[in-house]
Amino acid sequence: MKLVVCVKQVPEITNVRVNPETGTLIREGVASILNPFCEYALDHAVRLKAANPDIEIIAVSMGPPQAQSALMRCLELGADRAILVSDRKFAGADTWATALTLAAVIRKAVPDVDLILVGKQAIDGDTAQVGPEIAEILGMPQIMYGVEMSLTPNRKRIRVKREIESGYEVLEARMPALVSASKGEIMRRMPSLADVLSARHRELRAVTAADLDLSENELGLTGSFTQVVKVFPPAPKKDGLKLEGLEPAAAAKEIAVFLRSAGYI
Amino acid sequence: MLKIDHPICNLCGLCQKSCPFGAISTGEEKVTVDERCTLCGACVNVCPQSALSIERRQASPEELARYEGVFVWTECEDREKKIVPRKVVYELLTHGRRLADRLEQPLVAVALGDDRMAGLERLCHQGADRVIRCRHDLLGGYSTDGFTTALAAVVAKEKPSVLLFGATPSGRDLAPRVAARLRLGLTADCTGLAIDDQGQLVQTRPAFGGNIMASIVTPYTRPQCATVRPNVFTAAEPDTQRSVVIEEFPVKLNKASIRTKVVEQIPTPAEGEKIEEARILVSAGRGCGEASNLDLVRSLAHRLGGTLAGSRAIVELGWIPHTLQVGQSGTTVGPDLYIAVGISGAVQHVVGMSSSKKIIAINKDPDAPIFKIADLGVVGDALHILPKLLDALKSD
């Protein structure tokens with residue numbers, strides 16, 4: 001069985017600051033990491049493989065050449081091989097152009113794919129759109145926000161426990177299918193030395209635009225349907241009242257006064 | 001690709017400073033751009049010499065002008081054996097009315113469901129000129145396949161100019177399927193929507209966890225599609241004088257085309273009202289120390305007639321279910337009053353609650369980022385302050 005995990009390298013956004021004068025991101029010293037939700041997706045892939053040893057896990061990432069380090073981490077965490085999809089011609093791709101490119105890679109490199117796992121969203125863009133768009137382009141059913149996954153006994157379907165607004169529900173879909181992960185049981189585990197060493201022997205292949213059955217005007221910015229016209233800092237937050245050094249009773253009184261004056265009690 | 005007209009470039013370096021991705025460097029002789037460039041265009045706008053350009057595809061205005069109308073997907077929810085539109089739909093219709101008026105085009109609500117659908121008149125009272133109702137037994141509960149097929153059919157036939165979805169879990173499941181099926185541009189999780197002088201929808205959304213905002217247009221494809229965060233726009237009071245027009249739109253669906261099946265539903269016991277719709281939320285974070293202290297927070301919520309919520313941290317600790325999680329990977333809330341108890345206010349949390357009308361924060365750390373957005377910030381130990389506050393409120 002073939003299981004593709006699509007992953008993205010992202011800046012660790014908790015450390016991203018904005019230059020107040022230019023309104024642009026200060027990226028110096030900001031580490032690039034494997035998007036946490038993608039890591040959850042990989043966790044699920046590894047656990048599915050533990051239960052079904054014939055599964056081959058193929059990690060795929062589209063990004064600049066340095067996204068290779070995110071794929072190395074995937075290999076360390078249990079992917080069998082990895083594909084880096086990188087080309088200047090992919091630059092500026094919106095979610096549609098990204099999905100179209102990734103779908104073309106999967107079609108070409110893993111035509112017999114049974115299951116595609118993705119993270120529920122990337123923490124930099126937060127769109128949560130690329131997964132469903134890949135599924136639609138490849139004509140697969142999708143199950144989003146998965147927290148537990150298993151194959152049904154006849155191994156024709158994937159069963160997913162997923163988060164919904166009122167709790168959870170369990171859905172099944174016939175494979176090939178695409179599933180997004182919103183949580184993993186194993187949180188951000190560290191690979192062992194043996195994992196790191198064995199990862200170096202696994203295949204990490206590069207794919208460029210020339211390898212795909214797509215025309216150039218379907219790629220990158222030219223192939224994108226949306227365009228960013230302006231990037232700017234969020235409106236400055238209002239200045240509120242901040243009270244320090246009060247005894248608990250005095251602090252409680254201030255809060256009560258605030259609640260009363262604002263009409264909440 | 002980014003084009004640099006080297007002969008007219010004066011090496012001023014503004015493009016390098018403006019680049020959100022650090023992709024541009026100004027050398028002694030020329031400016032170079034590397035593979036980190038995403039073609040976002042930030043540099044093109046700042047270049048005083050107009051030496052930078054990005055080739056963008058053009059579509060004819062005549063082609064685009066054939067599409068007309070602002071359409072809103074009417075997401076419904078179960079209520080007392082009926083399925084009725086949920087709150088975010090009224091928010092979208094209220095703002096959609098403004099967009100439609102600016103475009104001088106109709107506002108249309110598209111409701112998909114089975115025969116239990118009810119309360120659709122209110123869609124017109126909230127601003128819609130008409131409702132397109134698609135009824136089918138297979139649309140009784142949400143499924144990606146069933147809803148994508150039905151909505152894509154409506155859109156392909158009606159050819160609207162704008163199509164809006166609430167950025168709810170189902171909205172974010174459905175919108176990219178419909179957009180990909182029809183090969184349309186889609187912008188996720190917008191917090192602002194406006195019409196520019198060319199009649200284009202300008203979609204504004206936060207990125208990088210709310211550290212930066214981006215305005216996005218969809219120049220070549222119609223309808224221009226966007227998902228919109230709940231609680232960003234305020235729903236107007238319904239106007240019951242508005243005339244109600246409901247049209248049937250027949251769709252053909254068959255069971256085999258819905259490739260997922262629901263095996264089991266596992267509801268989480270509710271704390272009170274849904275946090276997305278609550279007027280008052282008292283929200284707990286890791287600073288509350290341990291799960292048993294949540295009783296204190298819950299008591300305050302109950303005293304104020306509100307609901308308990310919490311940060312991602314305490315969901316992961318298992319103190320509260322994910323249904324109560326506020327923030328980027330939880331629910332976007334916009335109550336009248338949000339009290340953050342022991343929440344530091346990481347960007348991922350703040351983007352999910354910053355549209356609250358009033359914010360009170362209690363935290364031990366005077367440098368906690370939550371204080372930057374609080375109307376009233378109290379530096380102190382919530383576990384000591386809350387009992388006193390409950391006493392103070394008791395005496396009222």
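Reader: In what order do the six strands of the open sheet stand, and in which sense do they pair?

Author: One reads a sheet by following its strands from neighbour to neighbour. In this predicted model, the order is 15(A)-22(B)-21(B)-20(B)-18(B)-19(B), and the pairing is parallel. Strand 15 (241-243) of chain A and strand 19 (307-310) of chain B are the edge strands, each pairing on one side only. From one strand to the next, the twist averages 15°.

Reader: How many bridges pair strand 18 of chain B with strand 19 of chain B?

Author: Strand 18 (residues 280-284) of chain B pairs with strand 19 of chain B over four bridges, in the parallel sense. Opposite B:Val282 stands B:Leu308, in strand 19 of chain B.

Reader: Which strands does helix 6 of chain A lie across?

Author: Helix 6 (residues 248-261) of chain A lies across strand 15 of chain A and, from chain B, strand 21 (358-363) and strand 22 (376-379). The helix runs at about 170° to strand 22 of chain B.

Reader: Is strand 12 of chain A largely enclosed or exposed, and why?

Author: One counts neighbours: a residue is buried if 20 or more other C-beta atoms lie within 10 Å of its own. Five of the five residues of strand 12 (residues 177-181) of chain A are buried, so this strand is largely enclosed by the rest of the structure. A:Ala177, A:Val179 and A:Ala181 are buried on one side, A:Leu178 and A:Ser180 on the other.

Reader: Which residue is the bridge partner of A:Leu117 in strand 12 of chain A?

Author: The partner is A:Val179. Strand 8 (residues 115-119) of chain A runs parallel to strand 12 of chain A, joined by five bridges. Strand 9 (residues 142-151) of chain A is also parallel to strand 12 of chain A, with three bridges, and A:Ile143 has A:Val179 as its bridge partner.

How values were computed. Residues numbered from 1 in each chain as written. Chains lettered and ligands numbered in written order. Predicted model: local features only at pLDDT ≥ 70, side-chain atom pairs only at ≥ 80, totals over all residues. Pairing = 2+ DSSP bridges. Helix = DSSP H or I, 4+ residues; strand = E, 2+ residues; numbered from the N terminus. Axes fitted to C-alpha atoms, helices over the stretch in contact; angles between N-to-C directions. Contact = placed C-beta atoms within 7 Å. Buried ≥ 20, exposed ≤ 12 C-beta atoms within 10 Å, placed from the backbone.
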